Protein chains: 2
Amino acid sequence: MGRRRRTNATLMSVAAAAGVSRQTVSNVLNAPDRVAIDTRARVESAIESLHYRPNRAARSLRTQVSRLIGYCIMPATPGMLNPVLDRFAHAITEAASDRGFHILLFTTAGGRAGLDRYAELLSQLTVDGFILSDTVVGDPRQGWLTERGVPFVAFGRAWRNEEQGAWVDVDGAAGVTLAVEHVYGLGHRRIAFIGWPGGSGVGDDRLAGYESSCARLGVTPLVVRDVGGIEQGRVLAHRVLDAPDPPTALVCVSDADALGALRAVTERGLRPGHDVAVVGFDDISSAGMPGFDLTSVSQPIEEAGRAVVNMLLSRLNAIERGTSSSESGADVDAVAHLLLKPTLVIRSSSDPTTAMETPR
Amino acid sequence: MGRRRRTNATLMSVAAAAGVSRQTVSNVLNAPDRVAIDTRARVESAIESLHYRPNRAARSLRTQVSRLIGYCIMPATPGMLNPVLDRFAHAITEAASDRGFHILLFTTAGGRAGLDRYAELLSQLTVDGFILSDTVVGDPRQGWLTERGVPFVAFGRAWRNEEQGAWVDVDGAAGVTLAVEHVYGLGHRRIAFIGWPGGSGVGDDRLAGYESSCARLGVTPLVVRDVGGIEQGRVLAHRVLDAPDPPTALVCVSDADALGALRAVTERGLRPGHDVAVVGFDDISSAGMPGFDLTSVSQPIEEAGRAVVNMLLSRLNAIERGTSSSESGADVDAVAHLLLKPTLVIRSSSDPTTAMETPR
DNA sequence: AACCAGATTTTGAACGATCAAACAAGCACG
DNA sequence: CGTGCTTGTTTGATCGTTCAAAATCTGGTT
């Protein structure tokens, strides 16, 4: 039987069915207010009955707009936790789809070498703009894209040059402040911070939150640092707990470090939450597991995804309307930043009264 | 300055630069053997110096092929572990890109309601085919797509009707067999299986592996079941360990259940690996963490991703060449199945000799 | 010199939509 | 009654590529 390529309805076939011209059908779709009410109804029912959908390629060829957004995903680092990708990917897909856009995945080599891929997708007119994530300090992409006037929004600040391009980010400093205030409110006065080396934008941001809230609360700051990871967190936690007059609360720059710290605490025969409070950052899926039940700063990833898409689409619209040309170009290129506030999910690693019931 | 929309090179501009006609340039790209060797060189250098890339929309409009593959991602269940998405997404993106294709993300409502989206993407000619994942028993998608002759490959079997469409899957039975043989090899003779309710394809597959290897090794099977999850695994583990003559090894249908089982073992004052071996399935990122160090069956996700893409592309090629029409249609519609073997990652939850070093 | 086969290149004609401008009809106004 | 304005609809051209067929060139044959 058949299975031949189904020939889809076209503007012409719909026009014929409704007894009007191509352009009228096109207007029904793109500028309904220009069409007389009864003509519109007639065309709409023809569209309905023929299951007509405008051909994307044809539209895109004519308008020079693809309604596709490029999203580069990084090679998954084995063993590394990527708490963000799937939630973020889902959020941007959903948000884009509500506005008639789609997300196109691609991968590149890291750093400057990968820029070719961006160029390729652009010059083929495959995508209208990009969503960046996993931005790093000194990331070449923002500068490269800005130079070429390519619309993009990054999830994560451009750490070196804040004014470069639009971004949405989660306020790490505010997150750590929540964490410090939480343990302070529980009575802790010796609060250590387990961090990453200086120079990573994310790590420095979170550290800044620690330092400022210590200053405000009159707590003497105690910072230890390593490259990050479960094992590193464990070692650092042991180190600060070995000190005379050790801290009673450990605020960590990431959940991986916090899980290590948690382990160190148990290894010393101390009870997390009771004897030493541990707080992480990211609220990865393991955090809520029994056995960890880690208090953690949770990022509003879905909200960030929606915001990134909205910001990108408004830039695309602005460009489409020619706003970007010489005179009034400023408002398109206006730097758009959005810093979202994270929330603190309190679990028993910091507050034993929230311990999960463990029925038997 | 500028920032105006960059006008890309076209076939015509390249042709002018090289002193040939449109079609010759097109031939250099699509059928180089038809072009004289020196003409080809001239055209190629013109392409190079103008940075020409064929316009996707135009090509797609003419050829009726988009070189885009749709991939539907499911709403991330909060708190649930999705060990697969990011690795799989990355693998298919990479594999597709090697062959000039791209992955287009979309989301749908589950079940039959979501089928509209597939129809929409198809009738707009946005995508050439689909990759399905998270297939469930009684999934309507395979049947729907097959009926319409839409090329697709599923990651995961069509559980109810194995002949329906192409799929790649990981052999769950083989995975559990590895697990059972592993603990048997360590001397365990009372081996229980913590499973899911009957009726889930994946769960039944894995259970089948348990039952057949028990039969082969002469082990009395002991199966307990619940809906799955950390808490359920913990409760089930307690139940079997409460029995007289309790098992010394727990093979679990998933890592979530295994993590629960692990916790149950420690709660009883037993040492995982020494007193009771615990094995999971999926090798989620938490599995390797200190504190768990869970032996687990690991799926070759990257390989599966590549296989899915290859299978889909070969179907697309076949259709493009008209092979699908009446007479020789059989070989395209030939059911293509690929069952990959998982591997066992042995850690200290089953074999204490592999315990991680825990320096201080 | 005429002819032919093969290799190479060029020329119309699509693909299906939108833009820009032209056209038609209806109505008010001087 | 002609003119201008508004509203609604249609027509030609175009986006950049590939298909199909026609045109040109080359060299060998008869």
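These are my notebook entries on the contacts between two protein chains and two DNA strands in a predicted model.

**Entry 1: the interface of chains A and B**

I began with the protein-protein side. I found 65 residues of chain B in contact with 65 residues of chain A. For the size I looked up the buried area, because the accessible area lost when the parts come together is often given for an interface. Between chain B and chain A about 6000 Å² is buried, and carbon and sulfur atoms give 58% of that area.

I then asked how many salt bridges the rule finds across this interface. The count for chain B and chain A is zero. For polar contact I noted ten residue pairs across the interface, with both residues at pLDDT 80 or more.

Next I listed the elements that give two or more residues to the side of chain B that touches chain A. They are α4, α5 (85-98), β2 (102-106), α6 (115-123), α10 (230-242) and α11 (255-267) of chain B. Of these, α5(B) gives the most, with eight residues. By class, I have 26 nonpolar, 21 polar and 18 charged residues on this side of chain B.

**Entry 2: the strand pairing**

I looked at β2 in both chains. Strand β2 (residues 102-106) of chain A and β2(B) run antiparallel and are joined by three bridges. I also looked up which residue is the bridge partner of A:L104 in β2(B). The partner is B:L104.

**Entry 3: DNA strand C**

I counted 26 residues around DNA strand C, and I wrote down the closest as A:L11, A:Q23, A:S26, B:R22 and B:T39. Sugar or phosphate accounts for 55% of the strand C atoms within 4 Å of the protein, and bases for the rest.

Three atom pairs went into the notebook for this strand. A polar side-chain atom of A:R62 is 2.7 Å from a base oxygen of strand C. In chain B, a polar side-chain atom of B:R62 is 3.1 Å from a base nitrogen of strand C. On the phosphate side, a polar backbone atom of B:A36 is 3.0 Å from a phosphate oxygen of strand C.

The elements giving two or more residues to the surface near strand C are α2 (22-30) and α4 (56-63) of chain A, and α2 (22-30) and α4 (56-63) of chain B. I noted that α4(A) gives the most to this surface, with five residues. By class, the surface near strand C has nine nonpolar, eleven polar and six charged residues.

**Entry 4: DNA strand D**

I repeated the look-up for the other strand. DNA strand D is surrounded by 26 residues, and the closest are A:R22, A:T39, B:L11, B:Q23 and B:Y52. Of the strand D atoms within 4 Å of the protein, 56% belong to sugar or phosphate, and the rest to bases.

I asked which part of B:L11 is 2.4 Å from a phosphate oxygen of strand D. The atom of B:L11 is a polar backbone atom. In chain A, a polar backbone atom of A:A36 is 2.9 Å from a phosphate oxygen of strand D. For a base of strand D I recorded B:A58, where a backbone N or O atom is 3.4 Å from a base nitrogen.

I found α2 and α4 of chain A and α2 and α4 of chain B as the elements that give two or more residues to the surface near strand D. That surface divides into eight nonpolar, eleven polar and seven charged residues.

Notes
Residues are numbered from 1 along each chain as its sequence is written. Chains are lettered from A and ligands numbered from 1 in the order in which they are written. This is a predicted model: local features need pLDDT of at least 70, side-chain atom pairs count only at pLDDT 80 or more; totals for chains, interfaces and linings use all residues. Side-chain values use heavy atoms; hydrogens and water are left out. A residue is near a molecule or strand if one of its heavy atoms lies within 4 Å of it. A polar contact is a pair of N or O atoms within 3.5 Å; within protein, one must be able to donate a hydrogen and the other to accept it, and residues adjacent in sequence count only if both atoms are side-chain atoms. Helices (H or I, at least four residues) and strands (E, at least two) are DSSP runs, numbered from the N terminus. Ala, Val, Leu, Ile, Met, Phe, Trp, Tyr, Cys and Pro count as nonpolar, Asp, Glu, Lys and Arg as charged, and the others, Gly among them, as polar. Contact means heavy atoms within 4.5 Å. Buried area is the accessible area (1.4 Å probe) that two parts lose on being put together, summed over both. A salt bridge is a side-chain nitrogen of Lys or Arg within 4 Å of a carboxyl oxygen of Asp or Glu. Two strands pair if DSSP finds at least two bridges between them.
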